[in-house]
Amino acid sequence: MLTALAQARLRDAPLFVKWCELNGVTACPATPASVARFATDCASLGMSRLWPAMQEISRMHTALGLADPTLGGPAADAMSVIAAISPPRSWPAQFKRRFAALPHDIQVHLASHDAQRERALRRAQNEAASVRQKLAAFEAQMKDVGTNGNEAASPVET
């Protein structure tokens, strides 16, 4: 039974289980602190490999009915430092501080959404500025036509 459980753990989260064996840490149930240390130690792998490993840790624990050690706290903070995703500029300061506690995939989504919003806002501002310039040029042209037209049409006094 223990051998089957060990094999299931290795199959569900091979990178983390191997790291735990090398570091003398229990893989399941894992503590948030050990998951944070794993993330920090394996940061050189890059987010493309580290994030799936964190998801494997989460699945391994939730499948067994255990608390997910990757959510919030030290593990989320470690992932936030590694990913270095800035909170959305549009957020108030008190929420920006809480951004680091969000799971990485939520941070990525929110940052991407905010970047799209910023691009759309800049595009709208540029279009508005262009229209204002065209309107000013048109008004100047109409004023010029109006003053030139009035002088030619007004009777000349002798």
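**Briefing: a predicted seven-helix chain**

Ser34 belongs to helix H3, which spans residues 32-41. The model is a predicted one, with seven helices and no strands. H3 has the highest mean pLDDT among the elements of the chain, at 93. The points below begin with the whole chain and then turn to individual helices and residues.

**Overall fold and confidence**

- From the N terminus on, the order of elements is α-α-α-α-α-α-α.
- The average pLDDT of the chain is 83, and 85% of the residues score at least 70.
- Helix H1 (residues 2-12) has the lowest mean pLDDT among the elements, at 59.
- The chain comprises 158 residues, of which 25% count as buried.
- About 10,600 Å² of the chain is exposed, and carbon and sulfur atoms supply 59% of this area.
- Among contacts in the chain with a separation of 6 or more, 48% join residues 24 or more positions apart.

**Helix H3 and Ser34**

- The buried residues of H3 are Ser34, Val35, Ala36, Phe38 and Ala39.
- These buried residues of H3 pack against three helices: H2 (14-23), H4 (47-63) and H5.
- Ser34 has a relative accessible area of 7%, and it is therefore classed as buried, the cut-off being under 20%.
- Leaving aside residues up to four places away in sequence, Ser34 touches Phe16, Trp19 and Val25.

**Helix H5 and the residue that follows**

- H5 covers residues 73-83, and its buried residues are Ala75, Ala76, Ala78, Met79, Ser80 and Ala83.
- Ala84, just after H5, adopts a positive phi of about 50°.

**Trp91 in the loop between H5 and H6**

- Trp91 is located in the loop that joins H5 to helix H6 (93-98).
- The relative accessibility of Trp91 is 23%, so this residue counts as partly exposed rather than buried, a class that requires a value under 20%.
- When residues up to four places away in sequence are set aside, Trp91 touches Lys96, Phe99, Leu102 and Leu110.
- Trp91 and Asp114 are 23 residues apart along the chain, and their C-alpha atoms are separated by 9.5 Å.

**Helix H7: a buried glutamate**

- Glu118 is one of the residues of helix H7, which runs over residues 104-153.
- With a relative accessibility of 13%, Glu118 falls in the buried class.
- The side chains of Glu118 and Arg117 make a polar contact at 3.1 Å.

**Helix H7: a nonpolar surface patch**

- Phe138 is also found in helix H7.
- Phe138 is partly exposed because its relative accessible area is 47%, a value that lies between the 20% and 50% limits.
- Together with Leu135 and Met142, Phe138 forms a nonpolar patch on the surface.
- The accessible area of Leu135, Phe138 and Met142 together is about 300 Å².
- An α-helix has 3.6 residues a turn, so residues three or four places apart point the same way.

Key:
Residues are numbered from 1 along each chain as its sequence is written. This is a predicted model: local features need pLDDT of at least 70, side-chain atom pairs count only at pLDDT 80 or more; totals for chains, interfaces and linings use all residues. Side-chain values use heavy atoms; hydrogens and water are left out. Buried means under 20% relative accessible area, exposed over 50%, partly exposed in between (1.4 Å probe, protein chains only). Helices (H or I, at least four residues) and strands (E, at least two) are DSSP runs, numbered from the N terminus. Patches are made of residues with over 30% relative accessible area and no salt bridge: like charges are joined within 9 Å, nonpolar side chains (Val, Leu, Ile, Met, Phe, Trp, Tyr) within 5 Å. Accessible areas come from the Shrake-Rupley method with a 1.4 Å probe; for residues, only the protein chains shown count as cover. A salt bridge is a side-chain nitrogen of Lys or Arg within 4 Å of a carboxyl oxygen of Asp or Glu. A polar contact is a pair of N or O atoms within 3.5 Å; within protein, one must be able to donate a hydrogen and the other to accept it, and residues adjacent in sequence count only if both atoms are side-chain atoms. Contact means heavy atoms within 4.5 Å. pLDDT is the predictor's confidence in each residue, from 0 to 100.
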